[in-house]
Amino acid sequence: MPHRANFSNLTLITPTAKMSADVHGGRAKCLQRLVRLDMPVPTTVSLDFKSVQSIASGTMPDMDVLIEPFGGAPLLSVRPSSEDPDWGGPGAILNIGMNNTKLVELSKEVGERAATALYLRFIQAFAVHVARLDPDEFDVPSEPTAQALEAALSAYEADAEEPFPQDPIRQLTEVLRSMARAWEGTTARLLRQAKGAPADAGLGLVVQAMALGVGASESGSGVIQYVDETTGETQIKGRYLSQSQGREALSLDAPAIYLTRDERGASLEELCPDIFAELLRFGDVSRLRLREEMQIEFTIESNSLRILDAVRLQRSSRAGVKIAVALADDGVIPREEALMRVEPVALNELLHRQVAPQAVRDVFGQGIAASPGAARGRIVFTANEAQASAARKEACILVRRETTPEDIRGMHAAQAVVTVRGGITSHAAVIGRGMGLPCVVGASDLVVDARKRQLVSPDGRVLVEGDMLTVDGTSGQLLVGEPPLREASLDGSFQTLLSWADDVRDIGVRANADTPSDAQTARNFAAQGIGLCRTEHMFFDDDRLTVMREMIFADDAEDRRTTLDRLLPMQRADFIELFEIMAGQPVCLRLFDPPLHEFLPSDRAGLRDLAEALDRPLSDVTERVGELREYNPMLGMRGVRLGVSIPEIYEMQARAIFEATVALAERGVIVRPEIMIPLVSARREVELVKTQIDALAAEVQTKSGQTFDYNLGVMVETPRAALRAGDIAEHATFLSFGTNDLTQMTYGLSRDDAGRFMSDYVRQGVYPEDPFHSFDVEGVGELVSIGANRGRSQRNDVVLSICGEHAGTTDAIAFARANRFDYVSCSPFRVPVARLSAARLVVAEKLSPRR
C-alpha cells in the first residue's frame, strides 16, 4: 500500500486561491483566470509540482480530502498542467469513477447506450495508459453494447490478472501515480527538453468534475477559436460533435458539425444559438482579459455550457505577428509587449517560402541549415548547367562538393544550393544568405559523383542530374520530390511590427550587399546603409572575369594598369548604381580581398579555355596558375597584402569610387563613400594604402573641379589588428570588426572544414555552440572589446561596427550595444531579424528588475 500524506498542496481553484503557473502549472492558472471571468468551469482541484513529485516517488495525498469538493460518487477527469503548455505532458484521462454501480445509475439518467459508451472509453484509457496493457486488446467498439462491455472487462481481467478496479478512489490513485511517473520517465524528459524545457521542469495535475457531453437533451463537446492559426485573420473556427467528450470533435472521422452557419451542413449556431452567442462572448472576454488569442474546449451537458479548458492558440509565425500587432493596435497589450511576443527567428517564415507544415517529408539527406527558406528544382552539378537551366526557364538546384567565387553566376541562376562540405560561414552559406537563396551546407553523409552526375544518400538511394529535389534551408533537410510550399508573407502587420522596433532600438542596422540587387533588398528591408560591400564579387561576370585574368597574367605594373583601365568604367557604373539605390545612405566599400587564384580555373578544360582566351601556350598558363597557388591561401596573398604588393588594383577601385561620387554630385546627389581596407594587421599597411587613396582623391577632385568627403577605415579581422587597434585608429575613421575571419584566426579553425567535427565538440561540451554560428562573447568577444576600447582611446570619434555573419544574431547585437558600437551589418534578409532583436534587447532591459 502506498504511503499517504495529508498534503497542504491541494488547491481548490477559486477566484481567490493562491496560485501561480510556476507552482501549479499553466493550465491550472489559466483555469483560475477563467473562473475569475465567471465562465462556467466545472469544480477543479489543482495538485502542485511538489505534490506530483511526491506521488511519483510513492507518497499519495489524502484521497478523501482530494475528492471532498466534488461531492458523492463523482465522475472525474485528470489533465496535466506543466509550467509551459508547449512542454506537453501525459494525456488526459476522462470518466474516472465509472464502475458497474455508476453504469446502472447513469443508464437511468442518460440512457444505457450513452452510459455504456462512457464506461468503455474509461476502460480503454485506464487499460492502455494506466495499467499499460496491450492497446490492440482494447479498441473502443463502434457500437457500445452490453456484450462489448463484458468483453472489455474480461480482456482487462485476463491481461491484468485481476478484475477491473471498481473503487473510484483506487482508480483515481492509479491515474495520478501513472501520470506522475510518466512525466519523470526518460522519454518524456527528452521530449520536453527538445521543446526548451529544463530537465527538472515540474508537472502539476488538475482533477476536474466531468461534464459528460452525453444525455437525452442536447449534449456534446467541441473546440472553438477566434482567429485562423495560419494567417492570424479573424475567423471563427472549430467543430462540435453531439454525444461526445473531450476533443473527439476534432477527429476527421467524427460526424462533427460546423460552429457557424455553413451551406455545407448543420452548425452549432443554428442548433444552439444562445450557447453559440455565449461562446462568442467568452472569446471576446478572454482576448481582452487574458490578453491573448485562445482556443476554448467546451462541453454542452443537457443544454448547459461548460468550459473545460482554454489554451493559447497554437499558431504559425505569420499568424503570431498578425495577432501581436492586432492586440497592440486594439490597446489590449502595449507595443513593447507585442515586440517581445514575436521571436526574431520567426520572421524567417515570413521572409522566405517554407515547406508546408502538413507536407509529407521524404528525407534524402540532412546538412546544416545555412540560409532559410525552401525551394525545389531539378538537380544540376555545375554553375554552367545552372545557367543553362535558367536560360530554359527551368528551376534547378545547384549541388556541389563546395562552392567557390566562380560559382556565383550558377548560384544566381539556381533556386537553392547544396554543398557536401562547408559550415555556417562557408562561401555558399554567406552568399546564400546575402541573396536570400535557400542553402544547405555540410551534408557530409551525401556522396557527389560528378563523373556519373549523381547524388547518393546515406541509405543508398541515388538521384541523378535532372531529378527533382526540394531544399529546406530552414531545417537543413533535402527532400525527394515536390512537397507543397507556403509562400512568403510580408504584409502590413510585418511592416508595422518592424516600424515599432525601429522606434525602440538604439543601435544602427546596415546590410552586407555586394550587388545592386542586394542593395535594393537592403533598402526594401529598411537597412540604414550598406555596412559591407565585397567589391570582388563584381568581377565574376563573364566580361569582367576575362579582364581580371588578363590582369593577373600581366607582366608588369604598366600592363596591369592598362588592363584594369578596361574594368574601371564597369566598377564606376557598379558604384553609381549602388549609390543611387541607397539614396544618400552610407555605403561602405571593402577593397579587393580574395587571393588571385580564386579567379583562375583549376581543371584542365578550364585551363585550356583560358589559354585560348589569352592567346598563350597552355604550358605557360598552367605554370602561372601553379605559381599563384598557396599552401594556405586564406592566410596568404590577399586583402591589404595585395593592395601593398599590387597597388594597381586598389588604385583602380578607389578611382572608380571617387569618379562615381563626382558623377552623382553633378546630379545633385551628395555621397560620402566609406572605403574599407581588408585583412589589416599593421599600422604601416594602413599608412601605405591611405597615402595612395588620398592622392587619388585629390587627383579626381582637381580633374573634375568637384570636392567631396570620404571616410577611410579598416576591417579588423586579425587578432593583431584587434590588439593594435589604437595604432590603426590613428589613420582610420572607422573600425569594422569582421567576425568571420576573426573567429577563424582566434580559434585556428577553418570555417569550411570545422563542420566535420564541430558536432562532436558541441556534444562533448568542448564548445557550448559552433563559434561560426553563435558569437563567442568570451573569446572572440574579448578581442573585439579590446580592439574597440583601444581604438576609441586613440580616437574618441571612431565609428565601431560588427559586419561578420554573426552580426544579425541577438548575442552579437547585445554585445555590440554593451560595448557602445554604432551599428551592426548583416545579410539583407537578416536585416528585419536584427531590427527586431535590437528592439527586444532594449525592451528587455526596461522590463528587468532594477539593480
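Accessible areas here come from the Shrake-Rupley method with a 1.4 Å probe, and for residues only the protein chains shown count as cover.

This is a predicted model, in which local features need pLDDT of at least 70, side-chain atom pairs count only at pLDDT 80 or more, and totals for chains, interfaces and linings use all residues. Residues are numbered from 1 along each chain as its sequence is written, and side-chain values use heavy atoms, with hydrogens and water left out.

**View 1. The surface and interior of the chain.** About 36000 Å² of the chain is exposed, and carbon and sulfur atoms supply 47% of that area. Of the 851 residues, 55% are buried (under 20% relative accessible area, with exposed over 50% and partly exposed in between; 1.4 Å probe, protein chains only). Along the principal axes, the C-alpha atoms fill a box of roughly 105 × 60 × 55 Å.

**View 2. Helix α6, residues 112-130.** Helices are DSSP runs of H or I with at least four residues, and strands are runs of E with at least two, numbered from the N terminus. With 14 of its 19 residues buried, α6 is largely enclosed by the rest of the structure. At 1.5 Å a residue α6 should span 27 Å, and its end C-alpha atoms agree at 26 Å apart; the expected span is 1.5 Å times one less than the number of residues. Arg132, just after α6, takes a positive phi of about 60 degrees.

**View 3. Ala557 in helix α21.** Helix α21 covers residues 557-582 and includes Ala557. Ala557 counts as partly exposed because its relative accessibility is 26%. Met570 lies 13 residues from Ala557 along the chain, and their C-alpha atoms are separated by 20 Å.
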